[in-house]
Amino acid sequence: MRPLAQDRLVVRLEIARSLSPWPVNVWYFLRVPATQTEAVAGRLVGLGEVRLVATTGGLYSIVMSVWLRRLDDMTILERQLGEKLPMVEIMDRSVVLRTPKHVGIRLDPSGRRII
């Protein structure tokens, strides 16, 4: 079995979400049949809102982080997932209210680095 992202390199630079057009961060916890995990992960990686897709062991097959423009966009994204990937079951979701630390660096309430 080969790594999921072996064939492509995606580089994304980090910025304070509050300064970006996508201030809402949502984590999705998905259940996918084992035979479909690689194919589903590959399709999820192609979505513009997606920041991270990771396959896991345990209760959830895939964990996905997305950035959205508005909280209401969760409904739109979930509908699109249901239409395009009907084998994916959304088991849970979490909206990130604040990120106090990122890559070991403390952030202020607006998401900027504390010097």
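These exercises work through contacts, rings and strands in one predicted model.

Residues are numbered from 1 along each chain as its sequence is written. In this predicted model, local features need pLDDT of at least 70, side-chain atom pairs count only at pLDDT 80 or more, and totals for chains, interfaces and linings use all residues, while side-chain values use heavy atoms and leave out hydrogens and water.

**Exercise 1.** Place serine 20 and describe its surroundings.

*Solution.*
- Start with position. Serine 20 sits in the segment before β1 (24-31). Strands are DSSP runs of E, at least two residues, and helices are runs of H or I, at least four, numbered from the N terminus.
- Is serine 20 buried or exposed? Its relative accessible area is 9%, so serine 20 is buried. Buried means under 20%, exposed over 50%, partly exposed in between, with a 1.4 Å probe and protein chains only.
- Next, the side chain. It reaches the backbone nitrogen of tryptophan 22 at 3.0 Å.
- Then the contacts (heavy atoms within 4.5 Å). Neighbours within four places in sequence aside, serine 20 touches Ile15 and Trp67.

**Exercise 2.** Do the same for proline 21.

*Solution.*
- Proline 21 also belongs to the segment before β1.
- Proline 21 is partly exposed, because its relative accessible area is 42%.
- With neighbours within four places left out, its contacts are Leu68 and Arg69.
- Now take tryptophan 67, 46 residues away along the chain: the two C-alpha atoms are 9.1 Å apart.

**Exercise 3.** Find how many aromatic pairs the structure holds, and characterise what turns up.

*Solution.*
- The search of the whole structure returns one pair.
- Phenylalanine 29 and tyrosine 60 make a tilted pair, 5.2 Å centre to centre with 45 degrees between the planes. Rings of Phe, Tyr and Trp (its six-membered ring) pair if their centres lie within 6.5 Å; planes under 30 degrees apart are stacked, over 60 edge-to-face, the rest tilted.
- The pair links distant parts of the chain, 31 residues apart: phenylalanine 29 in β1, tyrosine 60 in the loop between β2 (50-55) and β3 (62-68).
- Phenylalanine 29 is buried, because its relative accessible area is 19%. Tyrosine 60 has 22%, so it counts as partly exposed.

**Exercise 4.** Describe how β2 and β3 are joined.

*Solution.*
- The strands run antiparallel, with five bridges between them. Two strands pair if DSSP finds at least two bridges.
- Which residue of β3 is the bridge partner of leucine 52? Serine 65 is.
- Six residues separate β2 and β3 in this hairpin, and glycine 58 in the turn has a positive phi of about 115 degrees.

Key:
A polar contact is a pair of N or O atoms within 3.5 Å; within protein, one must be able to donate a hydrogen and the other to accept it, and residues adjacent in sequence count only if both atoms are side-chain atoms.
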